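Student: Could you walk me through this protein, from its overall build to its interior?

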Amino acid sequence: MSEALVLGGGGVGGIAWMTGLLTGLADAGRDVSGAGLLVGTSAGSAVAAQLGSGLGLEELYARQVDPALQSAEIAAEMDLEKFAAEIGAAAESAASTADLRRAVGRAALAAPTVSERERHAVIASRLPAHGWPERAVRIVAVDAGSGEPRVFDRDSGVPLVDAVAASCAVPGVWPPVTIGEHRYMDGGVRSIANVDLAAGADRVLVLVPLGTTEPFPSDRPLERCVGELRARGAEVLLVAPDEASLAAIGDNALDPATRRPAAEAGRAPGRGLDLRWTED
């Protein structure tokens, strides 16, 4: 049976929570980190790259909770309620989801942010290895100019760090990433987890650190795509954070201080997660 691990967006808090949950699963003898396909969106792209680095889950978990091993992040503020209101206003005037993505792209390109160089250094520090893994990894970003999604993989000719940086380029917070003649923004602008990219897998585990609500109106919404995969015969388990995990991630998932509490909050429920569908 083929297995896919789909990792959604959620800031540095989401990276930590997903790492903790996967480590908790392994604690209980249900290690799914070796899935043959990894689909990463935004924070999930960093986790996918980390899982493919060759480090074990305990080492990856330590990189979230041990200050001496944590990546060199830049603190950022994000008001989710204000952000949602701004997107809602843009959606009212957009003729289509593609039109909305272009509007978001224009805002992202015009926003004052740190430099691409500074942000690239952050992403590089997150990844234990900078080469693409041998197994299938799909990382999603959106062209800030055209609004069209792009899926990067080891055959795309794009360095892994660039692909992850593009997928993690939250509009209005981080700079869109230049790749060739295009600039790319967060893959969550297409969908919070881009579950449809796991089509063909027999078993799919989907982790969504910020819950199931799409941050942007999407033509590939999470729950519909999950239903489509199930209709094709795939076993799909969708995992969102419990109340303790949401509290640990907090109101600003981009705050580096959320890493240790979020990782610890994810590990505990991971140990108790019913994952019987992974058994043959």
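What follows is a short round of questions and answers.

Tutor: Before we start, this is a predicted model, where local features need pLDDT of at least 70, side-chain atom pairs count only at pLDDT 80 or more, and totals for chains, interfaces and linings use all residues. Residues are numbered from 1 along each chain as its sequence is written, and side-chain values use heavy atoms, with hydrogens and water left out.

Student: What is the radius of gyration of the protein?

Tutor: We take it over C-alpha atoms, and the globule rule is 2.2 Å times the number of residues to the power 0.38. For 280 residues that rule gives 19 Å, and the protein comes close to this, so it is as compact as a globular protein of that length. The value for the protein is 17 Å.

Student: What share of the 280 residues is buried?

Tutor: Buried means under 20% relative accessible area (1.4 Å probe, protein chains only). Of the 280 residues, buried ones make up 54%.

Student: Which helix gives the largest share of the largest nonpolar core?

Tutor: Such a core is a set of buried Ala, Val, Leu, Ile, Met, Phe, Trp, Tyr and Cys residues joined through side-chain atoms within 4.5 Å. The largest one has 51 residues, with Leu7, Leu22, Leu51, Phe152, Val164 and Leu207 making the most contacts inside it. Seven of the core's residues come from residues 11–27, a DSSP run (H or I, at least four residues). That is helix α1.

Student: How many residues does the second, separate core have?

Tutor: Its members include Val39, Ala201, Cys225 and Val236. The count for this second core is 20 residues.

Notes:
Buried < 20%, exposed > 50% of the residue type's maximum accessible area, 1.4 Å probe, protein only. Helix = DSSP H or I, 4+ residues; strand = E, 2+ residues; numbered from the N terminus.
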